[in-house]
Every structure is written in C-alpha cells, then in structure tokens.
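Student: I'd like a close look at one part of this protein: the charged side chains that pair up on its strands. Could you walk me through them and show how they sit in the whole?

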Amino acid sequence: MKTLVLAAVASVLMAGAASADPVEGVWKTQVDEGSYAHVTMAPCGARICGVISQTFNAEGEYKSKNIGKQLVWDMEPRGKGAYRDGKIWQPSKDKIYSSKMDMSGNTLNVKGCIGPVCKKQTWSRVK
C-alpha cells in the first residue's frame with residue numbers, strides 16, 4: 001500500500017513538472033533606447049506573465065529601477081506556441097500595449113499595439 005501511495009505522489013509531481021508551459025524561463029529582449037532586459041516568464045494563474053529580472057546596457061549589467069517590475073501580463077496560452085490577449089509595458093516610453101506572442105523554438109516574437117500603431121520585437125531564450 002505504501003508503495004502505491006508513493007507511486008501516486010511521484011506521478012502527480014512529475015505531471016506538474018511535465019505541464020510547465022514552454023514559454024516559461026528567461027528571455028532576452030531586443031535593445032530599446034540603448035538597453036535590454038532579461039524577462040522571466042512564469043504562470044500567473046492560468047495565464048503567463050513576465051517580470052524584468054536583469055537589465056543591461058553597452059557597459060554590461062546595471063541595476064535599473066525597473067528590475068522586479070512586470071513587463072508582460074495576462075498572456076493566454078492558445079497552444080502551438082501562440083499567446084494572446086495580454087499586455088506589455090514599454091519602460092522607455094512608459095506605455096502599455098495590447099500584446100500577443102508567438103514562440104518557435106528559442107525565439108519569441110512579441111507584438112504590442114495601441115490602436116493601429118504596433119511595435120514588434122524578437123526575443124531569444126536565455127534559459
């Protein structure tokens with residue numbers, strides 16, 4: 001009986017690990033006004049959010065006031081690497097855009113729009 005219980009617990013734990021969303025991890029943004037960031041993507045409820053975990057400029061890593069701030073939130077996983085109906089913040093302009101993301105391998109195409117005006121970036125997986 002003890003073996004059965006341990007096997008059940010192990011399978012539940014392994015199922016949780018196996019169900020991690022593919023976009024989870026750390027992503028490097030493109031340079032925006034001389035700086036870029038590492039964004040840690042993780043679940044926030046049933047959706048995906050991203051927090052600025054490190055910042056860099058031409059001299060290397062620096063401690064931006066934006067570290068720890070949410071950059072991406074409420075992305076809804078739609079399967080096959082598609083995420084929709086989220087928001088993204090552009091720190092250099094202090095603007096929030098409606099956003100979507102499309103992941104293919106270690107590349108994340110991020111698009112944010114305010115009305116008809118859209119901006120795009122291609123992020124690369126760090127880990």
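Tutor: Happy to! Let's start with Arg-78, which is partly exposed because its relative accessibility is 46%, between the 20% and 50% limits. Keep in mind that this is a predicted model.

Arg-78 pairs with Glu-76 in a salt bridge, where the closest N and O atoms lie 3.5 Å apart. Glu-76 is also partly exposed, at a relative accessible area of 25%. Glu-76 has another partner as well: its side chain meets that of Arg-47 in a salt bridge, with 3.7 Å from N to O. Here the link joins distant parts of the chain, since Arg-47 belongs to strand β3 and Glu-76 to strand β5, 29 residues apart. Arg-47 counts as partly exposed too, with 29% relative accessibility. Add Asp-85 and you have a network of salt bridges that links Arg-47, Glu-76, Arg-78 and Asp-85.

Now turn to another pair, Asp-102 and Arg-84, whose salt bridge has its closest N and O atoms 3.0 Å apart. Asp-102 lies in strand β7 and Arg-84 in strand β6, so this bridge ties together parts that are 18 residues apart in sequence. Asp-102 is partly exposed, with a relative accessible area of 27%. Across the whole structure, a search finds 6 salt bridges.

To place these strands, step back to the overall layout. The protein has 1 helix and 9 strands, and the helix comes before the strands when you read from the N terminus. Of its 127 residues, 30% count as buried.

Some of the strands you have just met also feed the largest nonpolar core, which has 21 residues; among those that touch the most other members are Val-23, Met-41, Leu-71 and Trp-123. Elements that give two or more residues to this core include β3, β5, β6 and β7. The largest share, 4 residues, comes from β5, the strand that holds Glu-76. For a feel of the packing, take Val-23: beyond its neighbours within four places in sequence, Val-23 is in contact with residues including Met-41, Ile-48, Met-101 and Leu-108, and also with Arg-125.

One more polar residue is worth a look for contrast. Asn-66 sits in the loop between β4 and β5, and Asn-66 is buried because its relative accessible area is 12%, under the 20% limit. Leaving out residues up to four places away in sequence, Asn-66 touches Ile-52, Trp-89 and Pro-91.

Terms used:
Residues numbered from 1 in each chain as written. Predicted model: local features only at pLDDT ≥ 70, side-chain atom pairs only at ≥ 80, totals over all residues. Heavy atoms only, no water. Buried < 20%, exposed > 50% of the residue type's maximum accessible area, 1.4 Å probe, protein only. Contact = heavy atoms within 4.5 Å. Core = buried A, V, L, I, M, F, W, Y, C linked by side-chain atoms within 4.5 Å. Salt bridge = Lys/Arg side-chain N within 4 Å of Asp/Glu carboxyl O.
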